[in-house]
Amino acid sequence: PSCLGYPLSIFFIIINEFCERFSYYGMRAVLVLYFKYFLQWDDNLSTAIYHTFVALCYLTPILGALVADSWLGKFKTIVSLSIVYTIGQAIMSVSSINDLTDHNRDGSPDNVSLHIALSMVGLILIALGTGGIKPCVSAFGGDQFEDDQEKQRTRFFSIFYLSINAGSLLSTIITPVLRAQECGIHSKQRCYPLAFGVPAALMAVALVVFIVGSRMYKKVQPQGNIMIQVSKCIGFAIKNRFRHRSKEFPKREHWLDWASEKYDKRLIAQTKMVLKVLFLYIPLPMFWALFDQQGSRWTLQATTMDGNFGSIQIQPDQMQTVNPILIIVMVPVVDAVVYPLIKKCKINFTPLRKITVGMFLASLAFVAAALVQVQIDKTLPVFPAAGQSQIKIINLGTHDATVQFEPKLQSVDVMPMMSTGYMTFETSQLRSLNITSGSKTVTEVVKLPGGSRHTLGVKNTATDIAVKLLFDNVTSKPEEGNNLIRFINNLPDAVNVTMGDTSFGILMSLSASNYDLFPGGRKDKIVVIRNSNPCSVTSKAFGFGSAYTIVINRCVGDTLNVTYAEDIPPNTVHMAWQIPQYFILTCAEVVFSVTGLEFSYSQAPSNMKAVLQAGWLLTVAVGNIIVLIVAGASKLSEQWAEYVLFAALLLAVCIIFAVMAYFYTYTDVNEIEAQLDEEEKKQAKKDQDIYEKQSEAVSQM
């Protein structure tokens with residue numbers, strides 16, 4: 001059955017691919033934040049495991065292709081591995097349910113190792129599934145066409161590529177929104193089970209859709225795998241060359257010619273063409289090492305930025321959508337506008353030049369990322385090292401106050417109702433504080449623990465100077481753009497404080513509450529009840545990733561007067577600053593990725609496409625392994641320096657590739673194939689002549 005001149009079966013295949021990509025990219029979008037916030041891993045471990053997973057997803061396709069071509073056939077391979085995949089997605093979803101091990105209901109899992117074990121099993125199954133079916137689905141789609149439907153087949157592959165990007169675009173928008181919801185049975189959490197559950201459900205849909213179309217598919221029997229033949233041919237050539245290494249054997253034109261005792265000329269000629277292309281692949285993994293950090297380092301970078309786009313609040317993991325949006329726009333623009341313009345300028349923009357430009361652009365994108373990182377670093381707070389203490393002073397009184405840090409370290413003046421920033425001291429040196437306000441002076445002996453922050457509240461009262469030393473138990477910037485808020489009661493009597501839905505309970509005079517987390521970017525109503533008389537005020541907007549101490553000064557009638565002391569500044573660098581680096585990297589992808597596969601296919605015979613696709617996917621896997629090695633070995637403490645390092649490495653590789661490309665001679669595959677056909681015909685005619693002569697001789701006897 002056909003529709004619009006296409007086999008009906010391919011519509012099932014395209015829907016299946018859309019769902020599968022939605023499932024994969026949706027899960028991958030929130031993965032690094034799941035590691036960081038749910039499993040509580042640090043940035044480096046999260047990045048490492050993320051790239052290990054991506055590398056696995058690109059290593060398994062080679063396995064999938066072998067299984068499909070030599071044993072199960074494409075249809076059965078896709079079905080059986082999709083089942084594995086769906087189970088993996090489901091396990092992933094279960095692993096992120098906080099209430100699974102949260103027996104004391106405090107909102108964090110009691111047995112984290114169980115969650116880690118489950119997610120690792122889930123990820124391995126997903127890598128097997130997604131990788132195993134990757135090479136089969138597109139090839140299976142190609143199988144559905146007859147030989148005379150070349151035009152439809154090409155069109156199918158562009159629609160297929162579009163469905164991949166549509167799936168990844170929608171899921172990168174939707175799953176982060178699901179993740180940002182609050183859900184849970186006993187305590188409200190970020191909703192990872194939903195963010196992983198929706199992809200799992202879509203994978204199940206993909207599987208069902210694919211099986212429903214079963215009757216219509218044209219199923220080609222497994223033909224044996226060309227990769228195995230090529231490997232055997234190469235292996236035999238090397239072995240044979242080694243056996244005949246002494247001087248008495250004549251040299252052969254190409255080392256692969258040593259396989260001619262056992263393999264036919266055509267296979268050897270084709271293998272030569274493939275190896276010529278694979279040799280050019282050697283520098284390519286460096287590109288993917290940079291490209292795939294969008295989902296790890298760049299997403300972690302976005303968590304320290306301000307995601308407030310007016311009325312819309314962008315989640316850090318949603319910034320990745322910039323890539324598929326731009327791809328959908330850029331591919332047609334580059335094909336229809338940019339390349340023709342370059343041609344008009346009489347520049348011969350060969351495929352290898354395009355790939356070189358792609359590498360250069362990706363390296364540029366990381367320079368842009370480093371520049372953004374430098375701006376972010378300026379806004380990040382500096383926390384005390386192990387042997388240091390930090391103190392800030394809040395003057396709660398109506399007179400100026402002067403604080404002298406003894407022995408003779410430093411002296412500061414604080415205006416009424418104002419606060420200082422944090423000052424850093426060596427813990428061992430700071431002995432006491434000398435506080436003067438109005439005509440009164442008081443000396444406070446301090447012994448601070450190292451590596452901590454403190455706030456000193458000072459108030460000149462009618463009788464003396466009240467001094468309150470608070471311990472600020474914040475050692476890092478609040479994650480995910482949340483804000484930390486605490487209160488100091490500067491009224492003479494006890495009050496009951498609530499902000500939004502959060503109650504801070506009863507605060508005695510001159511005492512402080514603990515910090516509490518609030519979602520970023522909103523204003524909340526502060527209500528203070530004093531002697532059963534409520535007064536309220538709407539807080540200022542705290543931005544994202546800040547910490548504030550709010551001082552309650554006056555509660556008269558129903559109006560409340562508060563002052564704000566900024567403990568940690570909010571994220572001030574806007575997420576929109578990531579758009580340039582995404583734009584440059586997407587331009588790089590368009591000229592690199594699309595060109596790379598087209599070039600490979602044009603330089604090798606059609607029956608070798610599987611080998612080249614395997615090689616291409618292998619470059620992606622190796623690229624992700626490079627991230628592990630470089631990030632692990634470089635030991636750079638500054639993130640911007642790591643970006644610059646990657647940019648420099650890719651630039652070096654880009655130059656090497658440009659030299660290799662300069663010496664590369666393009667192959668005309670059809671010409672070589674025609675030559676082989678011609679030689680085979682001649683050989684056949686020769687054999688025929690010999691056979692005829694022999695039979696003549698026999699008949700004359």
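How many residues does helix H13 have, and what distance does H13 reach from its first C-alpha to its last? In this predicted model, H13 spans residues 579-602 and has 24 residues. The helix reaches 34 Å between its terminal C-alpha atoms, close to the 34 Å expected at 1.5 Å a residue. H13 is nevertheless bent: the angle at Thr595 is about 30 degrees.

The chain is divided into three domains. Domain 1 covers 1-224. Domain 2 is made of two segments, 264-379 and 576-683. Domain 3 covers 388-568. Over C-alpha atoms, the centres of domain 1 and domain 2 are separated by 23 Å. Domain 1 puts 34 residues into the contact, and domain 2 puts in 31 residues. About 2,700 Å² is buried between domain 1 and domain 2. Carbon and sulfur atoms give 68% of this area. On the domain 1 side, the most area is lost to domain 2 by His51, Tyr58 and Leu169. Together these residues account for 20% of what that side buries.

An open sheet of four strands follows the order S10-S7-S13-S14, and its pairing is mixed. S10 (423-426) and S14 are the edge strands, each with a single partner strand, so one side of each has no neighbour in the sheet. On average, neighbouring strands here are turned by 30 degrees against each other, direction ignored. Strand S7 (residues 388-395) runs parallel to strand S13 (residues 452-460), and seven bridges join them. Within this pairing, Gln390 stands opposite Arg453 in S13.

Phe471 lies in strand S14 (residues 465-472). Its contacts, leaving aside neighbours within four places in sequence, are Ser452, Arg453, His454 and Arg486. Arg453 thus appears again, as the residue opposite Gln390. Phe471 and Ile391 are 80 residues apart along the chain, yet 9.4 Å separates their C-alpha atoms.

A further open sheet of four strands has the order S9-S8-S11-S12. Its pairing is antiparallel. Strand S9 (410-414) and strand S12 (440-445) form the edges, and each pairs on one side only. Neighbouring strands of this sheet are turned by 15 degrees against each other on average, direction ignored. Strand S11 (residues 432-437) pairs with S12 over six bridges, in the antiparallel sense. Thr436 has Thr441 in S12 as its bridge partner.

Strands S19 (residues 525-530) and S20 (residues 533-538) also run antiparallel, joined by six bridges. Ile529 stands opposite Pro534 in S20. The two strands form a hairpin with two residues between them. In the turn, Asn531 has a positive phi of about 50 degrees.

Backbone geometry also deserves a note elsewhere in the chain. Most residues other than glycine have a negative phi, and most peptide bonds are trans. Lys346, a residue other than glycine, has a positive phi near 60 degrees. Lys346 is placed in the loop between helix H11 (322-344) and helix H12 (351-379). The peptide bond joining Glu406 and Pro407 is cis, with omega about -5 degrees. Pro407 belongs to the loop between strand S8 (401-406) and S9.

Notes:
Residues numbered from 1 in each chain as written. Predicted model: local features only at pLDDT ≥ 70, side-chain atom pairs only at ≥ 80, totals over all residues. Heavy atoms only, no water. Expected span 1.5 Å × (residues − 1). Bend = angle between axes of the 7 residues up to and from the residue. Pairing = 2+ DSSP bridges. Axes fitted to C-alpha atoms, helices over the stretch in contact; angles between N-to-C directions. Domains from an automatic or database assignment. Contact = heavy atoms within 4.5 Å. Buried area = accessible area lost by both parts, 1.4 Å probe.
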